[in-house]
Amino acid sequence: MKSVKIGLLLLFAVMLGCLFAGSLLLGRTPMGWETLIDAFRAYDETSAEHVIIHTERLARAIIATVTGGALAVAGALMQALTRNPLAS
C-alpha cells in the first residue's frame, strides 16, 4: 500500500512538472523547447522570447501552482474541520 502511495505521488509530481513546462511553452507566441531551455541557461535580455518567458509566463506558472496548492490545503483543512469521513 505504501508503494502505491509513493507511486501516485511521483506520478502527480511528474504531471505537475509537465503541466508547468507546458504553461511556459504555450501562449500567444508559440515557443519551442530550445527557446525555453536557452531562456534559463543563457538568458538574453535582447531576445523578446526570453523576456516573455521570464517576465510573463514564469510568473503565471508559479502563481498558478501556488494558488492550486493553497486551494488543495484549504480544501483538506475544511474536510478535517467538518470531520467529513472522506477526509480520512
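**Helix packing and a nonpolar patch**

In this predicted model, helix 2 (residues 33-41) packs with helix 3 (residues 48-81) at an angle of about 85°, and their axes are 9 Å apart. Helix 2 is therefore roughly perpendicular to helix 3 (a label for angles of 65 to 115 degrees). Here, helices are DSSP runs of H or I with at least four residues, and axes are lines fitted to C-alpha atoms over the stretch in contact, with angles from 0 to 180 degrees between N-to-C directions. Thr35, Leu36, Asp38, Ala39 and Phe40 of helix 2 make the contact (heavy atoms within 4.5 Å) with Glu49, His50, Ile53, His54 and Leu58 of helix 3. By class, this contact has five nonpolar, three polar and two charged residues.

Residues are numbered from 1 along each chain. Local features need pLDDT of at least 70, side-chain atom pairs count only at pLDDT 80 or more, and side-chain values use heavy atoms, without hydrogens and water.

Helix 2 also packs with helix 1, at an angle of about 95° and with axes 10 Å apart, which means that helix 1 is roughly perpendicular to helix 2. Ala21, Leu24 and Leu25 in helix 1 meet Trp33, Leu36 and Phe40 in helix 2. This contact has six nonpolar residues, no polar and no charged ones.

Terms used. Helices (H or I, at least four residues) and strands (E, at least two) are DSSP runs, numbered from the N terminus. Angles under 35 degrees count as roughly parallel, over 145 as roughly antiparallel, 65 to 115 as roughly perpendicular and the rest as oblique. Ala, Val, Leu, Ile, Met, Phe, Trp, Tyr, Cys and Pro count as nonpolar, Asp, Glu, Lys and Arg as charged, and the others, Gly among them, as polar.
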